[in-house]
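Here's a quick briefing for anyone opening this structure for the first time. Have a look around, then come back for the guided tour.

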Amino acid sequence: MKKTVKRVLAGVGAAIVLAITAVIVNFYVLSPKSRPAPVMSAPTNAEAIARGRYLVHHVAACVGCHSQIDDAVPGEPVVEGKLGAGRDFGEVPGSPVHIRAGNLTPDSETGIGGWTDGEVARATREGVSKNGRGLFPQMPYTTYRETLSDGDMLDIIAYLRTLEPVKNDPGTTSVSFPISMFLRAVPKPLDASPPPSPSPSDKLARGRWLLRTASCNDCHDSVDDKMRKIDGMAFAGGMKFPLANGRGYAIASNITSDKATGIGAYSDEDVRRALEEGKGKDGRDLYAMPWSYYKGMTKEDKDALIAALREVPPIANIVPPSAVTAKK
Ligand code: HEC
Ligand code: HEC
């Protein structure tokens with residue numbers, strides 16, 4: 001072989017080695033995109049704490065995911081003494097993922113007592129934990145990065161700082177390769193605060209904001225058997241929620257405005273009853289639906305939420321019935 005050909009081949013070889021190295025680095029080493037936690041300071045006045053409490057309990061319902069709950073009771077109430085102390089969601093069936101939502105109480109060892117306000121805000125809106133780990137997007141940070149303004153974020157932190165400290169370590173989420181690789185691409189630094197949340201006087205804008213911030217999508221969008229959202233099926237239902245101790249499962253309803261298979265034929269009162277009393281239109285108790293949190297929304301906010309739901313385009317999708325064995 002001529003020398004030049006050899007040299008070209010060697011060059012190609014080196015380029016391939018470099019490319020493979022780059023891919024490996026990307027796959028295994030690349031941390032999520034993040035920035036140093038911003039310097040922020042939560043207020044401590046009673047009004048801010050009350051606004052934060054409203055968001056944490058009744059809109060974003062952070063405590064519904066971040067507390068041990070009793071799923072045998074409709075509305076998923078928090079187990080006594082465990083408010084905000086973290087939750088082990090268990091293994092995702094059929095996937096190498098074990099999800100655990102952190103302890104948000106001010107306990108200094110197991111909670112966020114030792115976190116700065118900026119670190120809590122970065123985790124909540126940018127998906128990066130105190131130690132730089134990218135968070136599993138069941139934590140709705142991709143929503144919060146677009147809906148929680150600096151003001152809302154700081155009110156939320158103001159309230160979290162007032163929770164009773166509870167010593168409880170729910171453990172750390174574990175995700176194995178290759179899913180871990182895809183997850184690293186999700187967190188993104190925030191370059192500007194989202195705008196302040198719309199005021200209740202702008203009913204539809206407020207309703208759309210509530211619908212997003214309450215993560216109704218995360219349970220009501222249709223997904224395939226790998227839990228990936230199906231395009232064009234927003235709010236069309238069908239996601240399955242197995243209940244603890246073999247008590248069956250709930251299936252998320254189609255809440256699009258389709259008259260036959262969604263809630264298009266529901267009166268506002270029917271929808272309000274689902275949010276306030278946890279009853280389907282047919283009168284059944286709703287399980288896995290965190291209505292007991294949304295129940296505390298103001299009447300104005302519920303009306304706005306319902307108005308925004310009415311705008312959801314109709315999608316005909318028949319959802320099989322839930323099959324729950326009530327607790328004896
Ligand atoms: C749908 C369920 C859900 C909701 C609602 C939710 N979270 Fe989370 N959150 C999680 C899960 C699950 C994790 C753990 C993700 C991981 O470790 O990869 C998490 C992680 C976090 C973390 C990082 C904890 C740590 O130790 O790294 C913070 C902070 C946090 N959430 C704050 C909030 C706040 C504030 C709200 C409300 C505005 C909220 N979360 C709402 C599920 C949720
Ligand atoms: C954690 C998952 C989850 C979240 C978040 C959630 N839902 Fe649900 N929802 C469900 C499930 C599951 C059902 C069906 C329960 C059953 O059949 O036992 C349901 C049922 C309903 C129903 C009753 C419809 C019927 O079948 O009569 C309405 C209305 C509803 N949800 C609206 C909402 C709205 C609005 C939001 C946001 C504010 C929301 N849901 C958030 C899981 C969720």
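Before we start, one cut-off: a residue is called buried when its relative accessible area is under 20%. By that rule T143 is buried, because its relative accessible area is 12%. Keep in mind that what you're looking at is a predicted model.

**The chain as a whole**

- The chain has 328 residues, and 42% of them count as buried.
- You'll find twelve helices and six strands along the way.
- Measure the C-alpha trace along its principal axes and you get a span of about 85 × 50 × 45 Å.
- Take the contacts in the chain with a separation of 6 or more: 63% of them come from residues 24 or more positions apart.

**Surface and charge**

- The accessible surface of the chain adds up to about 17000 Å², and carbon and sulfur atoms own 59% of that.
- The chain carries 41 positive and 37 negative charges, and the mean positions of the two groups sit 8 Å apart.

**A closer look at T143**

- Which helix holds T143? That's α5, which runs over residues 141–147.
- If you set aside the neighbours within four places in sequence, T143 is in contact with R212 and T213.

**Strands β1, β2 and β3**

- Start with β1 (residues 87–91), which runs antiparallel to β2 and is joined to β2 by four bridges.
- One pair to pick out here is G90, which stands opposite I99 in β2.
- Five residues separate β1 and β2, and the two strands form a hairpin. In its turn, G94 has a positive phi of about 70°.
- β2 also has dealings with β3 (residues 174–175): two bridges join them, and they run antiparallel.
- On that side, H98 stands opposite S174 in β3.
- Why is β2 (residues 97–101) described as largely enclosed by the rest of the structure? Four of its five residues are buried, so that description follows.

**The β4-β5-β6 sheet**

- The strands β4, β5 and β6 make an open sheet of three strands in the order β4-β5-β6, and the pairing is antiparallel.
- β4 (240–242) and β6 (323–324) are at the edges with a single partner strand each, so one side of each has no neighbour in the sheet.
- How many bridges hold β4 and β5 together? Three, with β5 covering residues 248–251 and the pairing in the antiparallel sense.
- Among the pairs between these two strands, K240 has I251 in β5 as its bridge partner, while P242 has Y249.
- β4 and β5 form a hairpin with five residues between them, and N245 in the turn has a positive phi of about 55°.
- Over on the β6 side, β5 and β6 pair over two bridges, in the antiparallel sense.
- Y249 turns up here too: A323 is its bridge partner in β6.
- One general tip for viewing sheets: in a regular strand, side chains alternate between the two faces of the sheet.

Key
Residues are numbered from 1 along each chain as its sequence is written. Chains are lettered from A and ligands numbered from 1 in the order in which they are written. This is a predicted model: local features need pLDDT of at least 70, side-chain atom pairs count only at pLDDT 80 or more; totals for chains, interfaces and linings use all residues. Side-chain values use heavy atoms; hydrogens and water are left out. Buried means under 20% relative accessible area, exposed over 50%, partly exposed in between (1.4 Å probe, protein chains only). Two strands pair if DSSP finds at least two bridges between them. Contact means heavy atoms within 4.5 Å. Accessible areas come from the Shrake-Rupley method with a 1.4 Å probe; for residues, only the protein chains shown count as cover. Lys and Arg count as positive and Asp and Glu as negative; His and the chain ends are not counted. The place of a charge is taken as NZ of Lys, CZ of Arg, CG of Asp or CD of Glu.
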